[in-house]
Amino acid sequence: MDGLQRELEESNFVSRGAAWTQLSGGRTNKAWRVDTADTSLVCKLFTSTKTNSLYPNFAVDEYNSQVALSGAGIAPDPIAFVQCEAGDVVLYQHLEGETWKSNTASVGGLLSKVHDQTPYEGLRFLPSGSNALIDQIKGILAECTQLDWTPVIKDPKIGPTKHAVLIHTDIVANNIVVTQQGLRLIDWQCPALGDATEDLASFLSPAMQYLYGAGPLNGGDVSLFLAAYPDKDVVIRYRMLAPLYHLRIAAYCQWKLERGDPDYAQALQLELSAINQAEC
């Protein structure tokens with residue numbers, strides 16, 4: 001961190017004498033809160049360019065998202081994108097608030113606000129529909145060699161979305177900040193142009209809630225969330241695709257587990273159980 005701090009100070013992106021405090025929560029990148037006499041900002045260091053099919057990890061995408069959403073009351077206000085010796089860095093204004101823990105209806109409203117934004121240039125396009133999801137599932141499982149469960153893929157015959165929107169793709173509790181001005185979303189390193197149901201599926205994944213929150217949502221919380229999302233056609237579409245979304249996350253958990261992350265063992269079991277519930 002000392003070299004990064006020195007480099008940012010010498011290039012005048014951060015004031016000398018600022019107080020640096022490392023932030024917790026991230027599994028891939030490193031972040032610090034940087035307090036100066038008149039402001040607080042976040043320094044997010046992208047320590048790896050390694051990526052996977054579900055969650056790309058690019059600093060420039062996060063910065064571009066913050067710029068495009070500036071003033072919309074959705075994302076933090078951007079300061080700079082800096083290429084440093086230690087890796088790519090995104091600097092943005094620190095959000096005063098707490099990590100989201102309750103009130104799923106408020107998240108439904110936040111996602112509606114995100115999906116209403118005008119998509120900006122440079123977004124990756126994320127294929128949608130049941131065929132695209134099945135292809136993703138098969139692609140992830142093809143890289144797994146230690147399966148002790150049997151994937152059962154059922155195709156609901158749902159076509160691609162006719163209304164691609166801006167999606168965050170990583171809607172987990174740790175990425176939602178409750179501020180006095182309302183909810184805000186951080187960690188925009190894998191945005192896309194795609195199906196709004198992607199974000200609903202991300203938030204409702206029991207594996208992701210387990211890994212990045214207080215635990216899986218109960219049935220009442222799920223119902224409140226879906227009731228709060230105003231586009232009921234999207235909600236219906238999500239319900240039809242839910243078994244495939246859960247299976248995709250289960251495949252991803254298997255992929256992570258085989259690459260040495262034991263936390264994903266319990267997450268896998270939670271997602272497999274959700275498949276049966278969604279089918280019912």
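**View 1. Here is the second largest pocket of this predicted model, lined by 20 residues.** Nearest its centre you'll find Leu204, Val222, His246, Ala274 and Gln277. The pocket holds about 500 Å³ of space. Helices α6 (206-212), α7 (219-228), α8 (232-257) and α9 (264-279) each put at least two residues into the lining, and α9 has the largest share, with 5 residues. Sorted by class, that lining comes out as 11 nonpolar, 8 polar and 1 charged.

**View 2. Next up is the largest cavity, with about 150 Å³ of space inside.** Its lining counts 17 residues, and Tyr55, Thr169, Glu198, Arg248 and Ile249 sit closest to the centre. Both α5 (197-204) and α8 chip in at least two residues, with α8 giving the most, 4 residues. The class split here is 7 nonpolar, 6 polar and 4 charged.

**View 3. The second largest cavity has a volume of about 40 Å³.** Around this cavity are Val152, Ile153, Lys154, Pro243, Leu244, Leu247, Ile275 and Glu279. α8 and α9 each supply at least two residues of this lining; the largest share, 3 residues, is from α8. By class there are 6 nonpolar residues, 2 charged and no polar ones.

**View 4. Serine 128 sits in the loop between α3 (104-115) and α4 (130-141).** Its relative accessible area is 12%, so serine 128 counts as buried. The serine 128 side chain gets to the backbone nitrogen of threonine 161 at 2.9 Å. Setting aside neighbours within four places in sequence, serine 128 is in contact with Pro160, Thr161, Asp195 and Arg237.

Terms used. Residues are numbered from 1 along each chain as its sequence is written. This is a predicted model: local features need pLDDT of at least 70, side-chain atom pairs count only at pLDDT 80 or more; totals for chains, interfaces and linings use all residues. Side-chain values use heavy atoms; hydrogens and water are left out. Buried means under 20% relative accessible area, exposed over 50%, partly exposed in between (1.4 Å probe, protein chains only). A polar contact is a pair of N or O atoms within 3.5 Å; within protein, one must be able to donate a hydrogen and the other to accept it, and residues adjacent in sequence count only if both atoms are side-chain atoms. Contact means heavy atoms within 4.5 Å. On a 1 Å grid over the protein atoms alone, a cavity is a set of points where a 1.4 Å probe fits but cannot get out, and a pocket is an open set with protein on both sides within 12 Å along at least five of seven lines; lining residues have an atom within 4 Å of a point. Grid points are joined across faces, edges and corners, and a volume is the space filled by probe spheres set on the points. Ala, Val, Leu, Ile, Met, Phe, Trp, Tyr, Cys and Pro count as nonpolar, Asp, Glu, Lys and Arg as charged, and the others, Gly among them, as polar.
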